[in-house]
Amino acid sequence: MSRGEAVYEVLRRARPLVLDSARVVETRVRDRGWTVGSRAVVEVLAESGPATVPQVARALSLARQNVQRHVDDLLRLGHARRSANPGHRRSVLVELTEEGRRAFEDLRAGELADLGRLAPGCSAADLATAAAVLTALGRDVRARAASAEGETEREAEDAEGARP
């Protein structure tokens, strides 16, 4: 098997894993009024602290508008609040409320307990290797995606410039 085929096999197995994981998460967060996306936003805020919507969007590789929608939902639920941004007058920070933080901590504790029962045949070293491989692939694929987006934007700009 070539290196390209081996990488493809990893990615091919990752796709259904991500989709099935999202289905499991969706059922767990529904009673909190969250979605998979809003849960991801909560996780970023829980781990990184107050952030602007564009910062959260970059951390999740999502469009700013999508993150803003999730933030609006969290604000409506009372799980997040806006605060002044000392670094920028017009761009506010978003942070978790105590209720939002507690909801995430409770959810996370249950998730970790369930996840601890998965793949019992894999050692801690196996799991660390899998995490390292997925981190490296994620970094490289993200760089390719950013490069492709840049090419698409340049092509669009070139087409704009070519119009009479």
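**Close-up views of salt bridges and the nonpolar core**

D20 has a relative accessibility of 42% and counts as partly exposed (buried means under 20% relative accessible area, exposed over 50%, partly exposed in between; 1.4 Å probe, protein chains only). The model is predicted, so local features need pLDDT of at least 70 and side-chain atom pairs pLDDT 80 or more, whereas totals for chains, interfaces and linings use all residues. Residues are numbered from 1 along each chain as its sequence is written, and side-chain values use heavy atoms, with hydrogens and water left out.

**View 1. The D20–R23 salt bridge in helix α1.** The side chains of D20 and R23 form a salt bridge with an N to O distance of 2.5 Å (a side-chain nitrogen of Lys or Arg within 4 Å of a carboxyl oxygen of Asp or Glu). Both residues belong to helix α1, residues 3-29, and lie three residues apart, about one turn of the helix (helices are DSSP runs of H or I, at least four residues, and strands runs of E, at least two, numbered from the N terminus). R23 is exposed, at a relative accessible area of 52%. A search of the whole structure finds 15 salt bridges.

**View 2. The R39–E43 salt bridge in helix α2.** The N to O distance between the side chains of R39 and E43 is 3.1 Å. About one helical turn separates R39 from E43, because they are four residues apart in helix α2, residues 36-48. R39 is buried, with 9% relative accessibility, while E43 is partly exposed at 22%.

**View 3. E43 and R108, a salt bridge between helices α2 and α5.** E43 also pairs with R108, the closest N and O atoms being 3.3 Å apart. This salt bridge links distant parts of the chain, since E43 lies in helix α2 and R108 in helix α5 (residues 98-115), 65 residues apart. R108 is partly exposed, its relative accessible area being 24%. Through shared partners, salt bridges join R39, E43, E47, R108 and E111 into one network.

**View 4. The largest nonpolar core.** This core holds 21 residues, of which W34, V41, L45, V56, V67 and V71 touch the most other members (a set of buried Ala, Val, Leu, Ile, Met, Phe, Trp, Tyr and Cys residues joined through side-chain atoms within 4.5 Å). At least two core residues come from each of α1, α2, α3 (53-60), α4 (64-77), β2 (93-96) and α5. With residues up to four places away in sequence not counted, V71 is in contact with V41, V53 and V94 (heavy atoms within 4.5 Å).
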